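User: Can you walk me through the contacts in this one? I'd like to start with the interface and then look at charged pairs.

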Amino acid sequence: MVSFRVFYGALVVEGSLITGAIVLLGGHGMWVWWYAKWSRPVLDMARTVLLDALQDRLASKRASVLLDPLPMGLKIQLITGLSKNLYGDQRQSLAAIASDIGIRSAAVSSCGSRFWWRRLRGARLVTLLGGEEEMMFQLFLDRNPMVRAQAAEWASQHPSLAAASKLVAMLSDSSGHCRFAAQDTLQRIGAVGVESILEHLSIHSGTSAAAALAVAVGLRDPRLLDPALRFGRDGSARVRSLAATVIGTLGGEDAVSLLTELLNDADAEVRAAAARSLGKLGYWPSAVSLSLLLSDDVWETRRDAALALQSLDSPGVLILQRAASSGDPRASNIARQVLDLPDDLEATSSARA
Amino acid sequence: MTVTDMVGAALVRLDWMVLIYFLAVNSFYGGLLLAASLELNDHVRKVWGESRWRMLSSDIAPSISILAPAFNEVATINESVRSLLSLYYPKLEIVVVNDGSRDDTMAVLTREYELASCHPIFEEQMETKPIRGVYRSRNHPILVVIDKDNGGKADALNAGLNLATGELVCAIDADTLIEPDAMQRMVRPFLDRDDVVAAGGTIRVANGCVVKSGRVIHARAPTSVVAGFQVIEYLRAFLFGRVGWNRLGGNMIISGAFGLFRRRAMIAVGGYAYDSVGEDMELIVRLRRRGHEQNGPRRVEFIPDPVAWTEVPESLRALGRQRDRWHRGLADALWRHRRVLLNPRYGTLGMVAFPYFFS
């Protein structure tokens, strides 16, 4: 039998843990309540002063003097809260006041911290306030992915060739978050990033080029046509598929020639991408080649081919109408769906089989 | 010797085992609490000052289809759909599945959202009960309504899954109210990692709250004791249990009321199981299992900050029925996939999560 000593010992330990947890939670709750109660009127006053300063530039120096003595946490809360709703000149005025009251220097100092969350906080504040190019470029190589991604986000407001080349390098980052941030920023900065993408595509091939091609889809820059045509014959199906999509945004004689060739690709996604692109370009001579894909093994390819035919107007619609009444159940089924005709139940079940 | 005496004697002999079990379970909970604290602390630091507006204007944000099955929801369907239409997310599709309701659910939807018949192009990858019609809203083109014969929640979700076009699918209950920025937060794990197959968010109790136009505008504690206990229970389950399991890599549950999944992965495993009581949990186990077996995405993340609100039972009887259904669903999922138990092939799922839920 368990001795009472062991039993009481267990009870004491349990009781101490529970008591400690209640004290901690209660204490934390009291602190949060007291801080909110104390800071609310202070923040309200500070917000009024700041808003007045934003309306009247002459008042901004006075605002800086009034706000400077506040605790740094409150100052940051004030500035970050207002910045979400301000743009243009007012945003710049806010950034100037933030610099005057020490937020910029605190942010820059945080960016050099050994703790990732302090560096992240500093990077986000710098993104809000702008500038600090040299320091933010260093953060592109930070060991924490959140910090690197924040540097990429900063670059969207500071587009430059140097930033673009760092963003393109980040497309192959190990962190998905960084890759997303880099891709998103490159899409936002548009033409500024094209040179870096071209340089990357000239050096890399295969899957290393895939991320850059994915960005190229959204850029629609004619300079990207040549590399896209080259990658249309790459060994990787994903790369060929992306290249076909890029080509579909640009067009040209060489483009449609390659796309027509890719309709016979071994990979279904490549065939589908080629079909979508031809439909987007409205290249009606491809209608016959597209019609062959109505019987493709893969449903998505059949769908994309049918939609592409539909977008080719009369030639494509004629082919779809013929397919709808053909003996081929797959072609008939997808054509009927696209043309919005009533289901042919026999064809539907044969297509599924 | 009476039965009571015999039981007493047995318990006395087993007292060390009881104490060891008590210590083991409490130590595990203590470890889970520590893991949850660390995870929550990291999460708060990660989201401080983040600009979610970028997601709203991003061309590469993943598209999301929200599946909302509805059966006899005439009282709440309008509020629910309004809350879905007010979500702040750029690429959204809302698929409401009217699962053969016998009340005026369909009539309310048709009237409020000016539904017009449409014929979207989709492949019926999972067989479902016959679909009577598909409709799109004239004034909210992102809203699609499927009217079908009754087949149960799993069948309705599968019908929605067939039609959905988003890269990610969010399955919710029809009476769930989602916070406007919840999707921006929920999509985060799918951007961070390629191996995430599902993500879930926090569910809070809507009983007693002030709801206007499909949004909770004033959170209040419920007046009913039964609902009040559930508020604490939900907070414990989500902010302690699931956050802790996140750190341990072993989340096995995504709430059926609020979960985000990769659509392709769901279709690859055949969607929701018709013959399961807990179809949401069973799907998660199947997704994770397939991920392990085929070396594909298998991680299930829990995000503490996106919030959805739901009504909870206010009577012990209704609560009892709900919990009975949940536990039968859990038992069913564990039994179906019992091969996972203590199987190192399935990593934390088999070696930690399954034994924990079995015990």
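Analyst: What follows goes through the contact between the chains and then the salt bridges, bearing in mind that this is a predicted model.

User: How many residues does each chain bring to the contact?

Analyst: Chain B contributes 32 residues and chain A contributes 37 residues, and the area buried between the two chains is about 3,000 Å², with carbon and sulfur atoms giving 56% of that area.

User: Which three residues of chain B supply more of its buried area than any other three?

Analyst: Those are B:Trp48, B:Arg54 and B:Ile121, which together supply 26% of the area that chain B buries against chain A.

User: And what about polar contacts and salt bridges across the interface?

Analyst: There are 11 residue pairs in polar contact between chain B and chain A, counting pairs with both residues at pLDDT 80 or more, while the salt bridge count between these chains is one. That salt bridge joins the side chains of A:Arg179 and B:Asp194, with an N to O distance of 3.0 Å.

User: Which elements of chain B give two or more residues to that side?

Analyst: They are helix 2 (15-47), helix 3 (53-56) and helix 8 (188-192) of chain B, and the largest share, nine residues, comes from helix 2 of chain B. By residue type, the side of chain B that touches chain A divides into 14 nonpolar, six polar and 12 charged residues.

User: Switching topic, how many salt bridges are there over all chains?

Analyst: The count over all chains comes to 37 salt bridges. One of them pairs A:Arg271 with A:Asp296 at 2.7 Å, N to O, and A:Arg271 lies in helix 16 (residues 268-281) of chain A whereas A:Asp296 lies in the loop between helix 17 (287-292) and helix 18 (299-311), so the pair ties together parts that are 25 residues apart in sequence.

User: Are those two buried or exposed?

Analyst: Both A:Arg271 and A:Asp296 are buried. In another salt bridge, A:Asp44 meets A:Arg47 with the closest N and O atoms 3.2 Å apart, and there A:Asp44 counts as partly exposed because its relative accessibility is 40%, as does A:Arg47 at 32%.

User: Where do A:Asp44 and A:Arg47 lie?

Analyst: Both are in helix 1 (residues 4-55) of chain A, three residues apart, which is about one turn of the helix.

User: Which salt bridge in chain B links distant parts of the chain?

Analyst: B:Arg247 and B:Asp42 meet in a salt bridge at 3.0 Å, N to O, with B:Arg247 in helix 9 (residues 225-247) and B:Asp42 in helix 2 of chain B, 205 residues apart.

Technical notes: Residues are numbered from 1 along each chain as its sequence is written. Chains are lettered from A and ligands numbered from 1 in the order in which they are written. This is a predicted model: local features need pLDDT of at least 70, side-chain atom pairs count only at pLDDT 80 or more; totals for chains, interfaces and linings use all residues. Side-chain values use heavy atoms; hydrogens and water are left out. Contact means heavy atoms within 4.5 Å. Buried area is the accessible area (1.4 Å probe) that two parts lose on being put together, summed over both. A salt bridge is a side-chain nitrogen of Lys or Arg within 4 Å of a carboxyl oxygen of Asp or Glu. A polar contact is a pair of N or O atoms within 3.5 Å; within protein, one must be able to donate a hydrogen and the other to accept it, and residues adjacent in sequence count only if both atoms are side-chain atoms. Helices (H or I, at least four residues) and strands (E, at least two) are DSSP runs, numbered from the N terminus. Ala, Val, Leu, Ile, Met, Phe, Trp, Tyr, Cys and Pro count as nonpolar, Asp, Glu, Lys and Arg as charged, and the others, Gly among them, as polar. Buried means under 20% relative accessible area, exposed over 50%, partly exposed in between (1.4 Å probe, protein chains only).
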